[in-house]
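Visitor: I should like to go through the pockets and the surface of this protein. Please show me the model.

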Amino acid sequence: MDLCGRSQRGALREASRKQASPRRWSRVNGWSWPLHTFQAVAWTTLFVLAFANFGIFVPLLPPNWNLVIYGVTGGLFCFHFVVHLLAISIDPAETNVRLKNYSEPVPTFDPSKHTHVIENQYCHLCEVTVNKKAKHCRACNKCVSDFDHHCKWLNNCVGGRNYRCFLCSLVSASASLLFLITILLYVFIQFFVSPEEVRTHPLYEDVSKDTWLLFLPLFPVKTKTLVVLGIGVFVLLLSALSLLLLGHLLIFHLFLMFKKLSTYEYVTQNRCQKTPKVPAGRKELSFKISMPQVAGCPSASPSVLSGPGAAPSVTLQLGLLKHSPLLLCWHNPLIPCVCVCVCARVV
């Protein structure tokens, strides 16, 4: 089998694929293509809950409560709608990135030229100077000012320019869900304890007890009891699940504000803390492996060969824990024909 030739062909294909990768355009905000599935789910959930709140369950409350509940929940919904739109629509990019007006596609990062995308506060992809807390978002393909995280529900990055709108969106959504769950629990309790308390509208005088009216008072629609109960259970479960997710996220960001950290800083700090440290009982084990030249293989570099025609020699140093088996699969990139497997145990 021509292993050497196969490896060379694979390397050439990979190199040509990297060279042929097209430049990507930067996304401006959450409305830029491609849209995300989570974004559609968020908007659908918002309108379903609002429709159920204003069209089905608030009209079932006592008349002296209706105006107050309409005002409170309506105000929360409008406020959330505005800040949610702002969090999606605001471009969180660095000032220098926005000044370029996204007139050209962003080049592909070349790791052979640069170690990191941003070095010395200069982004090699956006080709602009950025601040210390700016990060280049892979999804949006641009540098974001005071980067916090990329939110799939907004389909936009959350940074210094739209973080307040994002936080207000969390607060208003959580408060709206709390009100909706409270209304649903009240309706359910009264439905089983005293149904007359939720059938106070004058139109109920002309219908039977097992008939309920939806979308009062403008567009009354008659339906059966099981339909109302089914809608109520579905909306209650959806509201509880949404509140659980949003409440958890809100508490997390309040914690980050208390610690004066961004989401990105918190994640990177935890990742560094979880990096395993070298145990005290660690031992070093060395293997020196010599291999003969194989016909058809590319020659190794002079730093590896010890003389003309000499067999390449590589020393492997393995850190092994006491009583821990190790299976090492070693592959010399200079000689792709050879694969050495070593199984060792330190006793």
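The questions and answers below concern the pockets and a surface patch of this predicted model.

Visitor: Which element gives the largest share of the lining of the largest pocket?
Guide: The largest pocket has a volume of about 940 Å³ and is lined by 38 residues. Elements that give two or more residues to this lining include helix 3 (63-89), helix 5 (163-193) and helix 6 (225-259). The largest share, 10 residues, comes from helix 2.

Visitor: How many residues of the lining of the largest pocket are charged?
Guide: Ala 42, Ala 173, Leu 177, Ser 242 and Leu 246 lie nearest the centre of the largest pocket. By class, its lining holds 26 nonpolar and 11 polar residues, and the number of charged residues is 1.

Visitor: How many charged residues does the lining of the second largest pocket have?
Guide: This second largest pocket holds about 560 Å³ of space, and of its 21 lining residues, Val 117, Leu 125, His 136, Cys 137 and Arg 138 are the closest to its centre. Strand 4 (residues 135-137) gives the largest share of the lining, 3 residues. The lining has 11 nonpolar and 6 polar residues, and its charged residues number 4.

Visitor: Is Leu 185 buried, partly exposed or exposed?
Guide: Leu 185 lies in helix 5 and makes a nonpolar surface patch of about 450 Å² with Ile 189, Phe 192 and Val 193. Buried means under 20% relative accessible area and exposed means over 50%. Because its relative accessibility is 42%, Leu 185 counts as partly exposed.

How values were computed
Residues numbered from 1 in each chain as written. Predicted model: local features only at pLDDT ≥ 70, side-chain atom pairs only at ≥ 80, totals over all residues. Heavy atoms only, no water. 1 Å grid on protein atoms, 1.4 Å probe; cavity = no way out; pocket = protein on both sides within 12 Å on 5 of 7 lines; lining within 4 Å. Points joined across faces, edges and corners; volume = space filled by probe spheres on them. Helix = DSSP H or I, 4+ residues; strand = E, 2+ residues; numbered from the N terminus. Nonpolar A, V, L, I, M, F, W, Y, C, P; charged D, E, K, R; others polar. Patch = residues over 30% accessible without salt bridge, like charges linked within 9 Å, V, L, I, M, F, W, Y side chains within 5 Å. Areas by Shrake-Rupley, 256 points an atom, 1.4 Å probe, with all protein chains shown as cover. Salt bridge = Lys/Arg side-chain N within 4 Å of Asp/Glu carboxyl O. Buried < 20%, exposed > 50% of the residue type's maximum accessible area, 1.4 Å probe, protein only.
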